[in-house]
Amino acid sequence: MADTGVDKKRRRFLIGATSAVGAVGVGAIAIPFIGSLTPSARALAAGAPVEVDISKLESGAMISIEWQGKVVFVVNRTSDMLSKLPSIVPQLKDPKSELSLQPEYVDKESRSREAEILVMLGKCTHLGCAPQYRPEVAPADLGADWQGGFYCPCHGSRFDLAGRVFKGAPAGTNMEIPPYYFISDSLLLIGENGVAA
Ligand code: FES
């Protein structure tokens, strides 16, 4: 992970007691274990939290996983990406996520428990399309002001690298943050809040 100056000593590694947990590694898109279960077990597992191994998630990279039938983006943000978040605030509709869905324990600006690791539903808050991860700066199709973020190809909503929606977008709120916590430095559990750090 990038060094962002976050006080690592304050981090609490939380061990969750879960009855049915799916495991997903870096690069995985779906949850293969569900398909092999009985119908009743499958229904139970479909609502189960999902473990995600991020040990091989490179700085600046994103993976998509599935939880409860929803796509979840996990991004390992660089310190350079994080440093841009404050300067973008005047361009945002809801910079402190006062209107948007996120657990109370995530930081209001980075929208994460650990600054580098963004965990967010991969669903546009306009009409539900899947935004594209566009981390590059000033690409030709998004313009010179683009500092990296998420772009929805359906109607053009733009979100920053914390999933905060820009003014002028058809989407009204920031992208949603699901419940999650860190089991260890390299293992996430998506679908449970754990104990607030
Ligand atoms: S669904 Fe994303 S902008 Fe409309």
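This passage walks through the predicted model, from its overall layout to a few individual residues.

The chain contains three helices and 10 strands. Followed along the sequence, these elements come in the pattern β-α-β-β-β-α-α-β-β-β-β-β-β. Of its 197 residues, 35% count as buried. Among contacts between residues at least 6 apart in sequence, 62% join residues at least 24 apart.

A word on confidence is helpful before the details. The average pLDDT of the chain is 83, and 75% of the residues score at least 70. Two stretches call for some care in reading. Over residues 1-20 the pLDDT stays under 50, and the model has 36 contacts beyond four places in sequence for this stretch. The pLDDT is also below 50 over residues 27-32, a stretch with eight contacts in the model beyond near neighbours in sequence.

The interior of the model comes next. Its largest nonpolar core holds 40 residues, and Val 72, Val 74, Val 119, Leu 188 and Ile 190 are those with the most contacts inside it. Two or more residues of this core come from each of β2 (50-53), β3 (62-67), β4 (70-76), α2 (79-83), β5, β9 (180-184) and β10 (187-190). The largest share, five residues, is supplied by β5. Val 74 gives a good view of how these parts meet. Residues up to four places away in sequence aside, Val 74 touches Val 52, Ile 54, Leu 57, Met 62, Ile 63, Ile 65, Ile 117, Val 119 and Leu 188.

Several of the elements that feed this core are also linked through strand pairing. β10 pairs with β2 in the antiparallel sense over four bridges, and within this pairing Val 50 has Ile 190 as its bridge partner. β10 also pairs with β9, again antiparallel and over four bridges. In that second pairing, Phe 182 is the bridge partner of Leu 188, while Tyr 181 is matched with Leu 189. The connection from β9 to β10 is a hairpin that passes through two residues. Leu 188 and Ile 190, both bridge partners in β10, thus reappear from the list of residues with the most contacts inside the core. As for β9, four of its five residues are buried, so this strand is largely enclosed by the rest of the structure.

A further sheet involves strands later in the sequence than β5. This open sheet has three strands in the order β6-β7-β8, with antiparallel pairing. β6 and β8 (158-159) are at the edges; each has a single partner strand, so one side of each lacks a neighbour in the sheet. Three bridges join β6 to β7 (residues 149-151) in an antiparallel run, and one of the residue pairs is Tyr 133 with Phe 150 of β7.

Cys 124 offers a view of the surroundings of this sheet. Cys 124 sits in the loop between β5 (117-121) and β6 (132-134). Despite its place in a loop, Cys 124 counts as buried because 23 C-beta neighbours lie inside 10 Å, where 20 or more are required. Beyond neighbours within four places in sequence, Cys 124 is in contact with Cys 129, Pro 131, Cys 152, Cys 154, Ser 157 and Ala 171. Tyr 151 is 27 residues away from Cys 124 in sequence, and the C-alpha to C-alpha separation of the two is 8.9 Å.

Two loop residues stand out for their backbone angles. Most residues other than glycine have a negative phi. Ser 97, which is not a glycine, has a positive phi near 55° and is located in the loop between α3 (85-88) and β5. Ala 138 also has a positive phi, of about 50°, without being a glycine, and belongs to the loop between β6 and β7. The settings of these two residues fall into opposite classes. Ser 97 has 22 C-beta neighbours inside 10 Å and so counts as buried. Ala 138, in contrast, has 11 other C-beta atoms within 10 Å and is therefore exposed, the limit for that class being 12 or fewer.

Notes:
Residues are numbered from 1 along each chain as its sequence is written. This is a predicted model: local features need pLDDT of at least 70, side-chain atom pairs count only at pLDDT 80 or more; totals for chains, interfaces and linings use all residues. Two residues are in contact if their C-beta atoms, placed from the backbone, lie within 7 Å. Two strands pair if DSSP finds at least two bridges between them. A nonpolar core is a set of buried Ala, Val, Leu, Ile, Met, Phe, Trp, Tyr and Cys residues joined through C-beta atoms within 7 Å. pLDDT is the predictor's confidence in each residue, from 0 to 100.
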